[in-house]
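Visitor: Please show me the model, and let us test each label against its cut-off.

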Amino acid sequence: MKTSNPVLARLGQAAERERSAGYAPAGPYGQPGIPQQYPSQAGYPAAPPTVAPMTVDDVVVKTVALLGILGITAAAAWVLVPDSLVGVAWIGAAVVGLVLGLIISFSRMADPALVITYAVVEGVFVGMVSKAFETLYDGIVLQAAVASFGIFFLMAMLYRAKVIRATPAFVKGMIAVMTGLFAVMLINFVLAIFGVNTGLRDGSPLAIGFSLVCIVVASLSFVLSFKEIEDGVRMGLPQRYSWVAAFGILVSLVWLYIEILRLLSYFQGDD
């Protein structure tokens with residue numbers, strides 16, 4: 001099964017080499033298999049075992065696990081981190097999460113420990129952001145969480161019904177837009193640290209428009225994840241790559257949640 005995604009194409013080639021080399025099935029935590037020699041029977045060499053392929057169920061289980069880790073970590077950070085350190089923990093977790101996210105995204109490392117570490121760091125980030133917003137606007141966290149999961153399930157249904165499809169043009173366009181938004185947000189983040197207000201996060205009409213654009217793009221990014229999972233299953237990628245697919249969904253969910261949280265805050269007004 002061919003794919004227009006170059007990363008998946010390379011992973012598919014790697015999976016084929018592993019199957020040819022006779023790797024053992026991936027372990028229960030997605031670790032790579034180990035070459036094994038099997039005795040022949042009746043003088044004939046035994047066929048090498050195949051690498052256990054990823055399935056949709058694998059991705060679902062790992063996504064739920066990562067969300068559980070993120071939720072527990074966020075709750076713990078909310079309770080344990082003093083109010084005076086919320087800002088420091090917020091920025092620190094954002095920076096560490098960004099670095100880990102880039103490493104996983106560009107290397108496509110199917111390392112469960114690395115992906116789980118990312119979920120823990122993002123849990124601290126989400127916990128600190130949520131605590132800060134909830135302190136200012138009562139009930140906003142629950143509203144943002146419900147809206148985020150609602151959009152996720154809506155996009156899943158639309159994709160399953162083939163209302164939205166990840167065509168090559170759609171994929172290229174989304175990658176270009178997401179790259180541009182990432183660059184803008186990164187520059188804005190750095191400028192904000194030095195006290196420069198660009199107007200993108202201050203509740204102005206420009207900020208509202210920017211958040212709406214981010215919410216739309218974050219919602220559509222689920223389509224890329226669903227397509228990646230679909231192609232990965234069809235190509236028979238090793239089971240451990242379900243961690244990478246789950247990571248992609250987690251990133252989109254966190255991004256969507258933060259943007260909805262910001263947008264809701266713009267309409268809360270001063271109490």
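**Labels and cut-offs**

Guide: In the protein, 83% of the contacts (heavy atoms within 4.5 Å) with a separation of 6 or more join residues 24 or more positions apart. This is a predicted model: local features need pLDDT of at least 70, side-chain atom pairs count only at pLDDT 80 or more, and totals for chains, interfaces and linings use all residues. Residues are numbered from 1 along each chain as its sequence is written, and side-chain values use heavy atoms, without hydrogens and water.

Visitor: How many helices and strands are there in the protein?

Guide: Eight helices and zero strands. Both are DSSP runs numbered from the N terminus: helices are H or I, at least four residues, and strands are E, at least two.

Visitor: Why are α3 and α6 called roughly antiparallel?

Guide: The axes of α3 (residues 86–107) and α6 (residues 168–193) cross at roughly 150 degrees. Over 145 counts as roughly antiparallel. The two helices are therefore roughly antiparallel to each other. Their axes come within 13 Å.

Visitor: Which residues make the contact?

Guide: I91, V95, L98 and L102 of α3 meet F182, L186 and F189 of α6. By class, seven are nonpolar, none polar and none charged. Val, Leu, Ile and Phe are among the residues that count as nonpolar.

Visitor: What makes α8 mostly covered?

Guide: In α8, 22 of its 25 residues are buried. Buried means under 20% relative accessible area (1.4 Å probe, protein chains only). Across the protein, buried residues make up 44% of the 271 residues.

Methods:
Axes are lines fitted to C-alpha atoms, for helices over the stretch in contact, and angles run from 0 to 180 degrees between N-to-C directions. Angles under 35 degrees count as roughly parallel, over 145 as roughly antiparallel, 65 to 115 as roughly perpendicular and the rest as oblique. Buried means under 20% relative accessible area, exposed over 50%, partly exposed in between (1.4 Å probe, protein chains only).
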